[in-house]
Amino acid sequence: MKKNSIEPVISIIIPIYNVEKYLKRCLDSVEKQIYTNLEIILINDGSTDSSLTIAKEYAKRDGRIKIFSEKNCGLSAARNLGLKHATGKYITFIDSDDYVSKDYVLYLYKLLEKGNFSASMSICSLMNVYENSGKEVNTGNNKEYTLTGKECIKMMCYHNLVDTCAYAKLGSKELYKDFKFPEGKVFEDIGTTYQLFEKANKVECGFKPKYFYNIRSNSITTRKFTPKKLDLLRMTDKMADDVVRKYPDLKRAVLRRRIYARFSTLNQTFTSKNTVEIKKIRNELIKFIQKNHKELFLDKNVPKRDKAAYLSLCMGFNFYKCSWNLYSKIVK
């Protein structure tokens, strides 16, 4: 796509922290974008490996690349710094261990163009790539829709095509005005993406996989459980409270997301030792699920997987653990 006078600058923000194994693949995919009028912002978040050296090599040969460095403050702080320096009319995020199709930016931009730029955001689907097996799973349905922000929040709560991630989305710079990712937290996307949907007048959705999400064995979600991972519950509960305050009729949808967050956290304790602390955490998670389980079965929008998970949990934690591990192997 040749640059012309009406083609706006699009800022791509890429946080970088110790990803020397993946960074070249990511930057290669960005450099090869068909849409060329890009501002590529690399935020070095205190990397201690060769990531910064690699970034500088790319910046030397591509004038669109800008590098900003800070001490290690985490993903949210890096994204916030990127937003501070972004000058494009539109903004998108890419994680440095992932990569994108060559028409990733163009596809998201064309979705907005198709709606005569009346929407403030466009989104695409992920291609989940399991690093160990190389298996690829398309999370979309290859269809396109124009939705309201409220509809997106509802679908997000049910894991129905719309996800919580900061990436695989293109938003206007105005949409990100006065917006900040919560610093010092993990699972920050669940605590922020809904805010963008609330602000968006409408969202152009193209559920085709243009973003390749690399599922690693040592990612935040797959790493050993620590109490820090309870951030997921706090973020989800805050989201639920905020959404219900604005959209009371989404109470059931956000409750499903709260239950899912408990299941997800419970799964992450599988490899933990049965300490007093871990047992207490598990008991609280299971107690919440059991207290609200009727909503799972009354709600037709809840995925069948959730209902199967609850039924297996009724057979005891060990039975649930074995069932989930078997399910995970099939998926991967």
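Y213 counts as partly exposed, at 22% relative accessibility, whereas Y167 is buried, with a relative accessible area of 7%. In this predicted model, the count of aromatic pairs comes to 17, and one of them is formed by Y167 and Y213, a stacked pair with 6.0 Å centre to centre and 25° between the planes. Because Y167 lies in the loop between α5 (149–157) and β9 (169–172) while Y213 belongs to strand β10 (residues 203–215), this pair ties together parts that are 46 residues apart in sequence.

A second pair, F270 with Y320, is edge-to-face, with 6.0 Å centre to centre and 70° between the planes. F270 is placed in the loop between α8 (251–267) and α9 (276–291) and Y320 in helix α12 (residues 317–331), so the contact of these rings ties together parts that are 50 residues apart in sequence. Both F270 and Y320 are buried.

The two pairs are set out below.

| Pair | Geometry | Centre to centre | Angle between planes |
|---|---|---|---|
| Y167 and Y213 | stacked | 6.0 Å | 25° |
| F270 and Y320 | edge-to-face | 6.0 Å | 70° |

Aromatic rings also meet in a larger group, since Y35, Y90, Y109 and F117 are linked into a cluster by ring pairs. Charged side chains take part in ring arrangements as well: the charged end of R79 sits over the ring of F181, 5.2 Å from its centre, and R262 lies over the face of F288, at 4.1 Å from the ring centre.

These residues belong to a chain that has twelve helices and ten strands. The C-alpha trace of the chain spans about 60 × 45 × 35 Å along its principal axes, and its radius of gyration is 20 Å, which agrees with the value near 20 Å that a compact globule of 332 residues would have. Of the 332 residues, 54% count as buried, and the chain exposes about 15900 Å², of which carbon and sulfur atoms supply 53%. Among contacts in the chain with a separation of 6 or more, 78% are accounted for by residues 24 or more positions apart. The pair of Y167 and Y213, with parts 46 residues apart in sequence, and the pair of F270 and Y320, with parts 50 residues apart, can be read alongside that figure for the chain.

Technical notes:
Residues numbered from 1 in each chain as written. Predicted model: local features only at pLDDT ≥ 70, side-chain atom pairs only at ≥ 80, totals over all residues. Heavy atoms only, no water. Phe/Tyr/Trp six-rings, centres within 6.5 Å; stacked < 30°, edge-to-face > 60°. Helix = DSSP H or I, 4+ residues; strand = E, 2+ residues; numbered from the N terminus. Buried < 20%, exposed > 50% of the residue type's maximum accessible area, 1.4 Å probe, protein only. Lys NZ or Arg CZ within 6 Å of the ring centre and 35° of its normal. Rg over C-alpha atoms; globule rule 2.2 N^0.38 Å. Contact = heavy atoms within 4.5 Å. Areas by Shrake-Rupley, 256 points an atom, 1.4 Å probe, with all protein chains shown as cover.
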